[in-house]
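The following points are offered as a colleague's note on the structure shown below. They are set out in numbered paragraphs for ease of reference.

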Amino acid sequence: MKRADAQISKMVSLSRGLYVRVARTMKCDVSYVSRIARGERQSAKIEAALRKEFRAALRRLNLHLVEPPSKRPTFFPGQ
């Protein structure tokens, strides 16, 4: 299996239980977490928990979220 395929497989496995982990942490139903993730409902606390859990999953894959464009250093080839 190629490295990219292995990472995709691992990502799917990690994300599979993401909503369940957030629901347990926040003591709510998984379907409610799913609705918030899809944007059908709003909850700042659950959205924060989703972001935290998603970042944790990325760390397990050794991936990191890219900084917003305003905070990235400008790089021009040849400098």
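1. In this predicted model, the buried residues of helix 4 are Ile46, Ala49, Leu50, Glu53, Ala56, Ala57 and Leu58. Glu53 is a charged member of that list and is taken up again under the salt bridges.

2. Helix 4 runs over residues 44-60 and comprises 17 residues. From its first C-alpha to its last, helix 4 spans 24 Å, close to the 24 Å expected at 1.5 Å a residue. Just after the helix, Asn62 adopts a positive phi of about 60°.

3. Three of the buried residues of helix 4, Ile46, Ala49 and Leu50, also belong to the largest nonpolar core. That core has eight residues in all, and its other members are Leu18, Val22, Ala23, Val33 and Ile36. At least two core residues come from each of helix 2 (18-26), helix 3 (30-38) and helix 4. In soluble globular proteins, nonpolar side chains tend to be buried together.

4. Val33 illustrates how the core is joined. When neighbours within four places in sequence are set aside, Val33 is in contact with the core residues Val22, Ala23, Ile46 and Leu50. Tyr19 and Cys28 are also among the contacts of Val33.

5. How many salt bridges does a search of the whole structure find? The search returns two. One of them pairs Glu53 with Arg21, with the closest N and O atoms 2.7 Å apart. This pair links distant parts of the chain, since Glu53 lies in helix 4 and Arg21 in helix 2, 32 residues apart. Side chains of opposite charge can pair when their charged atoms come close.

6. Are the two partners of this bridge buried or exposed? Glu53 has a relative accessibility of 15% and therefore counts as buried, the cut-off being under 20%. Arg21, at 25%, counts as partly exposed.

7. The other salt bridge joins the side chains of Arg38 and Glu40, at 3.1 Å from N to O. Arg38 is exposed, because its relative accessible area is 52% and the exposed class begins over 50%.

8. Lys27 merits a separate remark on its backbone. Its phi is near 55°, a positive value in a residue other than glycine. Lys27 is located in the loop between helix 2 and helix 3. With a relative accessibility of 78%, Lys27 counts as exposed.

How values were computed
Residues numbered from 1 in each chain as written. Predicted model: local features only at pLDDT ≥ 70, side-chain atom pairs only at ≥ 80, totals over all residues. Heavy atoms only, no water. Core = buried A, V, L, I, M, F, W, Y, C linked by side-chain atoms within 4.5 Å. Buried < 20%, exposed > 50% of the residue type's maximum accessible area, 1.4 Å probe, protein only. Helix = DSSP H or I, 4+ residues; strand = E, 2+ residues; numbered from the N terminus. Contact = heavy atoms within 4.5 Å. Expected span 1.5 Å × (residues − 1). Salt bridge = Lys/Arg side-chain N within 4 Å of Asp/Glu carboxyl O.
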